[in-house]
Amino acid sequence: MNAPTAAFAPEHDSTHPDTTAMATQTTLLNPRFYTTDFDEMDAIDVTPVRADWDKLIAQMKSDPNKGHFKKTADWDQIDWDGMEPGLRAEFIDFLVSSCTAEFSGCVLYKEMKRRGNNPDICELFSYMSRDEARHAGFINDALREAGIAVNLGFLTKAKKYTYFRPKFIYYATYLSEKIGYARYITIFRHLEAHPEHRFHPIFKWFREWCNDEFSHGEAFALLMRTDPRLTSGVNVWWIKFFLTAVYSTMWVRDHARPEFHKALGVDIAWYDQEVFRKTSAIARQIFPIEIDIDHPRWIPTLERLERAFVDMDAARQRGGIGGAVGRIVAGARAGLAFAGLYTIPARRNTPPASVRLEPSY
Ligand SMILES: [Fe+2]
Ligand SMILES: [Fe+2]
């Protein structure tokens with residue numbers, strides 16, 4: 001029998017939160033677990049991109065980060081109990097949400113490998129699930145030091161799975177891999193310049209780590225290149241939808257962690273715009289449009305969206321009829337703000353003939 005970890009854990013309080021429960025929650029903003037039509041994905045023929053494909057697979061097979069996700073002498077001891085409580089809570093939230101996102105990739109990729117028969121697809125997904133398992137495990141080691149590791153086995157069974165058609169998996173996963181790369185490398189470069197803000201050793205591991213995410217994104221770019229319909233016609237509207245959703249979710253989520261970013265010495269709006277800029281530049285390899293993040297409506301509308309989410313949360317905590325009404329009103333404001341972001345005219349690009357890129361930040 002698999003009992004929830006909560007049954008085994010001595011107690012949960014503000015210093016020892018139930019991280020498995022945090023990771024299991026399904027909200028609009030939490031990382032999700034996905035399932036898809038595995039047979040359709042298994043039928044992909046990579047012949048049109050064979051030369052680039054073989055090169056990428058050979059690189060993944062060589063496993064450049066094989067020894068990277070291990071603690072070394074660079075792993076400084078952290079005084080978790082001495083950490084300022086606001087920072088501690090937000091940092092734990094950051095680690096749990098990152099671990100869930102990494103593990104979500106691991107579960108999806110492993111399932112694809114398990115269900116598939118196509119040797120190209122199975123090989124790709126076995127390397128990617130290997131990497132994501134390491135990433136999730138490494139973050140969980142950091143949580144374990146604080147006595148609050150996420151029970152990943154339990155999460156696999158208890159978490160709700162969201163079904164996405166394969167093309168939506170490509171858009172969402174491609175973007176989350178590339179934005180993951182941009183997030184990790186931007187923090188890494190910032191802390192390289194300002195080591196006094198590196199309050200936890202895990203950030204030292206981000207450079208090699210983000211190269212894994214970069215290659216995973218490359219694989220999805222190649223998969224999308226096998227079928228030009230995926231990046232043309234009505235699908236351009238879907239691409240715009242996913243770009244808007246992924247960027248705005250990141251904005252709202254990051255703004256909910258002011259203490260964490262203050263400790264890193266990072267201005268959240270600057271950081272988010274920087275990550276959007278890098279992600280958009282990379283995504284020119286495959287997407288025919290990009291979001292105009294310098295448009296005069298972009299930041300003010302993101303700020304409106306964020307305020308609506310803060311109010312929605314406050315209404316939820318208030319409860320009762322007043323809380324329910326408050327949630328509906330704030331939800332409508334969030335919907336309007338999202339529509340406002342979606343209707344900002346996109347910039348058009350012509351993706352290059354050769355899709356492959358190397359990490360350059
Ligand atoms: Fe990862
Ligand atoms: Fe990844």
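Glu40 sits in helix α2, which covers residues 38-42. In this predicted model, Glu40 counts as exposed because just 12 C-beta neighbours fall inside 10 Å, and 12 or fewer is what the label takes. Its C-alpha atom is separated by 11 Å from that of Arg115, although the two residues are 75 residues apart along the chain.

Stepping back to the whole chain, there are 13 helices and 4 strands. The C-alpha trace spans about 55 × 50 × 45 Å along its principal axes. How does the radius of gyration fit with what a compact globule would have? For 361 residues, such a globule would come out near 21 Å, and the chain has 20 Å, so the two agree. Buried residues make up 35% of the 361 residues. Counting contacts with a separation of 6 or more, 79% link residues that are 24 or more positions apart.

The chain is split into two parts, with domain 1 running over 14-287 and domain 2 over 292-350. Their centres, taken over C-alpha atoms, are separated by 24 Å. Where they touch, domain 1 puts in 13 residues and domain 2 puts in 11 residues. On the domain 1 side, α9 (235-255) and α11 (268-283) each supply at least two residues. The largest share on that side is from α9, with 7 residues. By type, the residues on the domain 1 side divide into 5 nonpolar, 5 polar and 3 charged.

Tyr342 gives a residue-by-residue look at places far apart in sequence. This tyrosine is found in helix α13, residues 320-342. Leaving aside neighbours within four places in sequence, Tyr342 is in contact with Lys240, Phe241 and Thr244. Leu243 is 99 residues away from Tyr342 along the chain, yet the C-alpha atoms of the pair are separated by 9.1 Å. Is Tyr342 buried, exposed or partly exposed? With 17 other C-beta atoms within 10 Å, Tyr342 is partly exposed, because a buried residue needs 20 or more.

Now for α11, one of the helices that supply the domain 1 side of the contact. What end-to-end span should its 16 residues have at 1.5 Å a residue? The expected figure is 22 Å, and the end C-alpha atoms are indeed 22 Å apart, so the helix agrees with the rule. Its buried residues are Asp272, Val275, Phe276, Thr279, Ser280, Ile282 and Ala283. Seen down the helix axis, these buried residues fall within an arc of 160°, so they line one face of α11. That fits a general point about α-helices: with 3.6 residues a turn, residues three or four places apart point the same way. As for what lies over the buried residues of α11, the cover includes α7 (166-193), α9 and β3 (289-290). Helix α9 thus turns up twice, as part of this cover and as the source of the largest share of the domain 1 side.

One last spot worth a look is Asp63, in the loop between α3 (50-62) and α4 (85-115). Asp63 has a positive phi of about 55°, although it is not a glycine. Asp63 is partly exposed because 13 other C-beta atoms lie within 10 Å, whereas an exposed residue would have 12 or fewer.

Notes
Residues are numbered from 1 along each chain as its sequence is written. Chains are lettered from A and ligands numbered from 1 in the order in which they are written. This is a predicted model: local features need pLDDT of at least 70, side-chain atom pairs count only at pLDDT 80 or more; totals for chains, interfaces and linings use all residues. Domain bounds come from an automatic or database domain assignment. Two residues are in contact if their C-beta atoms, placed from the backbone, lie within 7 Å. Ala, Val, Leu, Ile, Met, Phe, Trp, Tyr, Cys and Pro count as nonpolar, Asp, Glu, Lys and Arg as charged, and the others, Gly among them, as polar. The radius of gyration is taken over C-alpha atoms; the globule rule is 2.2 Å times the number of residues to the power 0.38. The expected span of a helix is 1.5 Å times one less than its number of residues. The arc is that of the directions from the helix axis to the C-beta atoms.
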